[in-house]
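Here is a quick look around a protein model, with a focus on its aromatic rings and one of its pockets. Have the 3D view open as you read.

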Amino acid sequence: MRLAEQLGILALVYPAAEFVNPVEVMGLRFPNRIGLAAGLDKEGNTIDALGRLGFGFIEIGTITPRPQAGNDKPRLFRLIDEKSIINRMGFNNPGITQGVANVKKSKTFQGVIGFNIGKNKDTPNENASADYLACLREAYSVADYIAVNLSSPNTPGLRDLQNADSTARLLDLLKKEQSQLAKEHGKYVPIAFKVAPDLAVDHIDALAEVFLKGGLDGLIATNTTLSRHGVEQNPLHTQAGGLSGPPVCQMSTAVIQQFSSHLAGRIPIIGVGGISSAEDAQEKIRAGASLLQIYTSFIYQGPQIVKDLLNKC
Ligand SMILES: Cc1cc2nc3c(=O)[nH]c(=O)nc-3n(C[C@H](O)[C@H](O)[C@H](O)COP(=O)(O)O)c2cc1C
């Protein structure tokens, strides 16, 4: 049975999306603070079912300009004892045109829809901005916000775009295009950048400056980690890919904290990485996050984790 069908059946036993402590962030109204992180609904075809499970926002993708198959299987490994995952999916996705068409078919979801965009694997880094711009243009009319993924470890060279100069250039191009598109469409779609947890403090400081100068609308921290700290005992720890779940929690919170000390509320932060309890969620909020996303705890705990977080955040 396909994921969309499975979630559709599950959604039948859950009430509709909940308006619990609605918040306004990036100029958008979120029915609640708990979102689904990118990578689960890569095609944007499961939004209504996921919305029924209580998520206030859903980030679809990562989607690239052209469809691509992703890496060979196996490419996803559950490290059961540590309740974590190593994945090297490699942006398997139907391409931006199909993604937009899929999202247009969603009918009942009342929350916020983010489009997480990336570059195709065979696009060299010097042309990466063209891929991001193409996705921005196509998604603009249907997206509530755009998440620019600079931090997947599974597309060779992608994280090099987090180098402060490259990030500044890309941000500048995207902001120019955004103001053009805002005029054409009569609506402003905020742009967030998604960063890795494997950033040194001085790198974070440099990026924070770039983001402030360039007028970034939001920051998503963080993606999966290349570290294997906390899973060294698991035979699967040698698998290549990004690690998610509890082992990334503290790293991600530290990155949020460091960014937050620079951004001082001027750019809102979406906190993601290893949230598997209300305590984890509250720590991220204390570190400076305005919104939260989960992925791995949803895989291990199912929809109950969404309810738990909604009740306590
Ligand atoms: C199987 C899998 C696929 C993912 N795919 C993407 C992706 O396509 N784009 C992206 O920005 N993040 C992707 N992520 C990262 C998550 O969005 C999230 O940032 C990360 O897993 C940390 O959160 P978590 O510990 O709650 O899972 C993926 C994560 C997993 C486990």
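Phe-211 and Phe-259 are both buried in this predicted model. Their ring planes sit at 25°, so the pair counts as stacked. The two come from distant parts of the chain, 48 residues apart: Phe-211 belongs to helix 6 (residues 201-214) and Phe-259 to helix 7 (residues 246-263). Add Phe-193, and ring pairs tie these residues into a cluster.

Searching the whole structure turns up 4 aromatic pairs. Here are two of them side by side:

| Pair | Centre distance | Plane angle | Type |
|---|---|---|---|
| Phe-55 and Phe-298 | 5.3 Å | 75° | edge-to-face |
| Phe-211 and Phe-259 | 6.0 Å | 25° | stacked |

What about the edge-to-face pair, Phe-55 and Phe-298: which parts of the chain does the pair link? Phe-55 is in the loop between helix 2 (47-52) and strand 4 (57-63), while Phe-298 is in helix 9 (residues 296-301), 243 residues apart. Phe-55 is buried, with a relative accessible area of 0%, and Phe-298 is buried too, at 7%.

Another ring to look at is Tyr-300: Arg-78 lies over its face, 5.8 Å from the ring centre.

Now for the pocket. The second largest one has a volume of about 180 Å³. Its lining includes Asn-125, Tyr-132, Asp-160 and Arg-169. Helix 4 (128-139) and helix 5 (164-185) each supply at least two lining residues, and helix 5 gives the most, with 4 residues. By type, the lining splits into 5 nonpolar, 3 polar and 3 charged residues.

How values were computed. Residues are numbered from 1 along each chain as its sequence is written. This is a predicted model: local features need pLDDT of at least 70, side-chain atom pairs count only at pLDDT 80 or more; totals for chains, interfaces and linings use all residues. Side-chain values use heavy atoms; hydrogens and water are left out. On a 1 Å grid over the protein atoms alone, a cavity is a set of points where a 1.4 Å probe fits but cannot get out, and a pocket is an open set with protein on both sides within 12 Å along at least five of seven lines; lining residues have an atom within 4 Å of a point. Grid points are joined across faces, edges and corners, and a volume is the space filled by probe spheres set on the points. Ala, Val, Leu, Ile, Met, Phe, Trp, Tyr, Cys and Pro count as nonpolar, Asp, Glu, Lys and Arg as charged, and the others, Gly among them, as polar. Rings of Phe, Tyr and Trp (its six-membered ring) pair if their centres lie within 6.5 Å; planes under 30 degrees apart count as stacked, over 60 as edge-to-face and the rest as tilted. Buried means under 20% relative accessible area, exposed over 50%, partly exposed in between (1.4 Å probe, protein chains only). A charge sits over a ring if NZ of Lys or CZ of Arg is within 6 Å of the ring centre and within 35 degrees of the ring normal.
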